[in-house]
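This report describes how the chains of one model are arranged and how they meet. Please keep the sequence and the structure in view while reading.

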4 protein chains.
Amino acid sequence: MQTMPEAVPCVTEFRVRYAETDQMGVVYHANYLVWCEIGRTELLRRLGPSYAEMERAGVVLAVSDAKLRYHVSARYDDLIRVTTRVAQVRSRLVEFEYEIARVNADGGTTRLASASTTLISLDPEGRPRIMPAETLALLRSAHAA
Amino acid sequence: MQTMPEAVPCVTEFRVRYAETDQMGVVYHANYLVWCEIGRTELLRRLGPSYAEMERAGVVLAVSDAKLRYHVSARYDDLIRVTTRVAQVRSRLVEFEYEIARVNADGGTTRLASASTTLISLDPEGRPRIMPAETLALLRSAHAA
Amino acid sequence: MQTMPEAVPCVTEFRVRYAETDQMGVVYHANYLVWCEIGRTELLRRLGPSYAEMERAGVVLAVSDAKLRYHVSARYDDLIRVTTRVAQVRSRLVEFEYEIARVNADGGTTRLASASTTLISLDPEGRPRIMPAETLALLRSAHAA
Amino acid sequence: MQTMPEAVPCVTEFRVRYAETDQMGVVYHANYLVWCEIGRTELLRRLGPSYAEMERAGVVLAVSDAKLRYHVSARYDDLIRVTTRVAQVRSRLVEFEYEIARVNADGGTTRLASASTTLISLDPEGRPRIMPAETLALLRSAHAA
């Protein structure tokens, strides 16, 4: 429980890579899903040992739905800030919401995109299964926060 | 006009690349957006010379919205079939729908994912602008078909 | 043995994807390694059931060395032809050579890049191990051809 | 000139992304070229205003050769350290060398791969051209350091 206050919402920053641009001169749109995952895994990591144990127990979270809205294009070397929140928790699924922004030279931010993804918990054979009670409790406290 | 009957719906096939897999042993979810684009650009190419002229005239189509629903995971070396349709046409935007399936050894198919993307037409400075009348006519005939 | 004459050299063709370009307007250089793998796996597939059995037996081939020389840039929608050859076979490694070319509208080709990769055979624990005799025989006949 | 002492060698660190893994459970080998570029662009950035001016003057650096040797596989969430050095400077080309290592939990490092890339300076039409004198001077001082 003590790890949660840091986890909500989770803010991660990194710079746009050259490999992420396309010939239009901006970041290729599929890369925003990669950025969402960076934010999400950072949030999950901060949930602490319980989430790591869930993975060791063979429960994986697989993306079942994704929605993205693109507002302003990111460009090479932009400083990107992904803010990730737990939007919904049910016994077999968890939904995350993301705000993707550019951090400007003056410290202000410009919203680039917003997104959400739903993940379902699967057993090693790929069948939906209920998440461990401890993981659910952590995700719910992150949601409530 | 004579190119349209072939263009609707547009079917494209290719094999999953090793580089597209992740450590879960399946295709990384962001790659489905790349596959949608393969289907979409193939459909646009079949619209004929008018679309190519639109591009030369400096009108680009940028993705503003994307929605994906994942049903079954694709795996390395699967034969993938993307079926692309024009779902909506307005003066400044066009929406595409995609069905992504695996072609099985017996010739049957398994649905893997469905998706839609909305693209808006931009001028070289990145401002929304009306698509050329000829492009709109082609997209609308593709939609009606 | 009867599969080898088709396998040497192995020619594979595909089109450049939008996602493979960068803001310089050409294909991002790391993607050529992905293309080499497409050529290599196609060659290995044509080696027939023996290679598939090797994989099922838990022997994997991991890239240990790669060399690339870039001559001319590939661009979006170019038709790419990868020609793959077995350049060297030893009990624990195999070297492949690649010629990457653009197929022009007139059917002629322009050389874009040349490359080579060395792969070593590993057991499931990641230790080097001798390839199965049958796989070695197939690779050697591909090399000699 | 005052920026050079920090620039040589240039050390950059980041974490392995899930999207960078493949179904073998390790980082897909082409991604190491992306990491080399992260190290190189960071080094070039530290060269200061002169390099930025070179870019604005329309001189670009394009990769003409790449060599990679893979020692140990990187895995998801590993902390990666790229150490980049200027290995050779000539009027039309510059060669960089890279050591890619994993930073272990105890602060020690494990060497994962070593690489080198040669870049040639091009004008906006893609023809080789001599680098501006000031850029050459900076690269040479980085090399000597």
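## Contact between chains B and A

In this predicted model, B:Arg69 and A:Asp65 form a salt bridge through their side chains, with a distance of 2.9 Å from N to O. A salt bridge is counted here when a side-chain nitrogen of Lys or Arg lies within 4 Å of a carboxyl oxygen of Asp or Glu, so the pair B:Arg69 and A:Asp65 qualifies. Across the interface of chain B and chain A, 2 salt bridges are found by this rule. The table gathers the values for this interface.

| Property of the interface of chain B and chain A | Value |
|---|---|
| Residues of chain B in contact with chain A | 18 residues |
| Residues of chain A in contact with chain B | 18 residues |
| Area buried between chain B and chain A | about 1700 Å² |
| Share of the buried area on carbon and sulfur atoms | 58% |
| Salt bridges | 2 salt bridges |

## Relation of the two copies

A turn of 180° with a shift of 0.0 Å along the axis lays chain B on chain A, and the RMSD is then 0.0 Å. The two copies are therefore related as by a two-fold rotation axis. Which residue of chain B comes closest to the rotation axis? That residue is B:Lys67, whose C-alpha lies at 2.2 Å from the axis. Of the interface residues of chain B, 100% are also interface residues in chain A, so the copies meet through the same surface.

## A sheet across chains C and D

An open sheet is formed by 10 strands, in the order β1(C)-β3(C)-β4(C)-β5(C)-β2(C)-β2(D)-β5(D)-β4(D)-β3(D)-β1(D), with antiparallel pairing. At the edges stand β1 (10-15) of chain C and β1 (10-15) of chain D; each has a single partner strand, so one side of each is left without a neighbour in the sheet. On average, neighbouring strands of this sheet are turned by 25° against each other, direction ignored.

Within chain D, strand β3 (residues 79-89) pairs with strand β4 (residues 93-103) in the antiparallel sense over 10 bridges. D:Ile80 has D:Arg102 as its bridge partner in β4(D).

## Confidence of the prediction

For the model, ipTM is 0.90 and pTM is 0.91. Chain A has a mean pLDDT of 89, and 93% of its residues reach 70 or more. Over residues 1-7 of chain A, however, pLDDT stays under 50, and the model has 12 contacts beyond four places in sequence for this stretch. Where pLDDT is low, the predicted coordinates should not be read in detail.

Notes. Residues are numbered from 1 along each chain as its sequence is written. Chains are lettered from A and ligands numbered from 1 in the order in which they are written. This is a predicted model: local features need pLDDT of at least 70, side-chain atom pairs count only at pLDDT 80 or more; totals for chains, interfaces and linings use all residues. Side-chain values use heavy atoms; hydrogens and water are left out. Copies are superposed by least squares on the C-alpha atoms of residues with pLDDT of at least 70 in both. Contact means heavy atoms within 4.5 Å. Two strands pair if DSSP finds at least two bridges between them. Helices (H or I, at least four residues) and strands (E, at least two) are DSSP runs, numbered from the N terminus. Axes are lines fitted to C-alpha atoms, for helices over the stretch in contact, and angles run from 0 to 180 degrees between N-to-C directions. pLDDT is the predictor's confidence in each residue, from 0 to 100. Buried area is the accessible area (1.4 Å probe) that two parts lose on being put together, summed over both.
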